[in-house]
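The following exercises are to be worked with the sequence and the coordinates at hand. Each task is followed by a stepwise solution.

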Amino acid sequence: MPLRVNIRHLEDCEIRLKGELPVAELAFDLRDELIRAEKPLHYDLGLGNLHDAVLVQGRLRMVLSCECARCLQPFECELVLNEWALHLPLSGEDKVSVENDSIDLTPFVREDMLLEFPQHPLCKPNCAGLKKKSGVHKSDDKREREQKPSAWTELDKLKL
Ligand SMILES: [Zn+2]
């Protein structure tokens, strides 16, 4: 079932929607092999009627199965939109499409969630990558450290 809301129910009261949206409904178009969306999206939303528009506010959360772009370790990446808000006009140029008195929120959820997907999934922000590579970095650091004292020695010579 997609995430739909019946606007007739919103006429005189607010609605709380809480549940899971199967990932099949979201049908993310993923080109990145490092990211897989397999688990359902959890939503906890409050909906209200505001000046001929529907206002949606709440929380979206889902967990992605990723593979680190540097060390290739699988890891889970949690995406949370704590203060997700959506303003859906019921009239005017930008009015939202209403079918059988209901609005499908699924495309909006899909679009905003997709923006949160990592561009370059990393198991941790400072992942050093495969062990071989981190070894190379260390020797680079060492060379830098060795160069510094010699530069100071040159400066000292100038002072004298
Ligand atoms: Zn990693």
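**Exercise 1.** Determine which geometry the site of the zinc ion has.

*Solution.* Step 1: the donors (N, O and S atoms within 2.8 Å of the metal, or 3.2 Å for Na, K and Ca) are the SG atoms of Cys 68, Cys 71, Cys 123 and Cys 127, at 2.3 Å from the zinc ion. Step 2: the angles among these four donor atoms are 106 to 113°. Step 3: four donors count as tetrahedral if all angles lie between 85 and 135 degrees, so the site is tetrahedral. The ideal angle for four tetrahedral donors is 109.5 degrees.

This is a predicted model, in which local features need pLDDT of at least 70 and side-chain atom pairs count only at pLDDT 80 or more, while totals for chains, interfaces and linings use all residues. Residues are numbered from 1 along each chain as its sequence is written, and side-chain values use heavy atoms, without hydrogens and water.

**Exercise 2.** Establish how the donors of the zinc ion are spaced along the chain, and whether Cys 68 is buried or exposed.

*Solution.* Step 1: the spacing reads C-x2-C-x51-C-x3-C. Step 2: Cys 68 lies in the loop between β5 (53–67) and β6 (74–89), and Cys 123, 55 residues apart from it, in the loop between α2 (106–114) and α3 (131–159); helices (H or I, at least four residues) and strands (E, at least two) are DSSP runs, numbered from the N terminus. Step 3: Cys 68 has 0% relative accessibility and is therefore buried, whereas Cys 123, at 30%, is partly exposed. Buried means under 20% relative accessible area, exposed over 50%, and partly exposed in between (1.4 Å probe, protein chains only).

Methods:
Four donors count as tetrahedral if all angles lie between 85 and 135 degrees; four count as square planar and six as octahedral if opposite donors are over 155 degrees apart and all others between 65 and 115; anything else is irregular.
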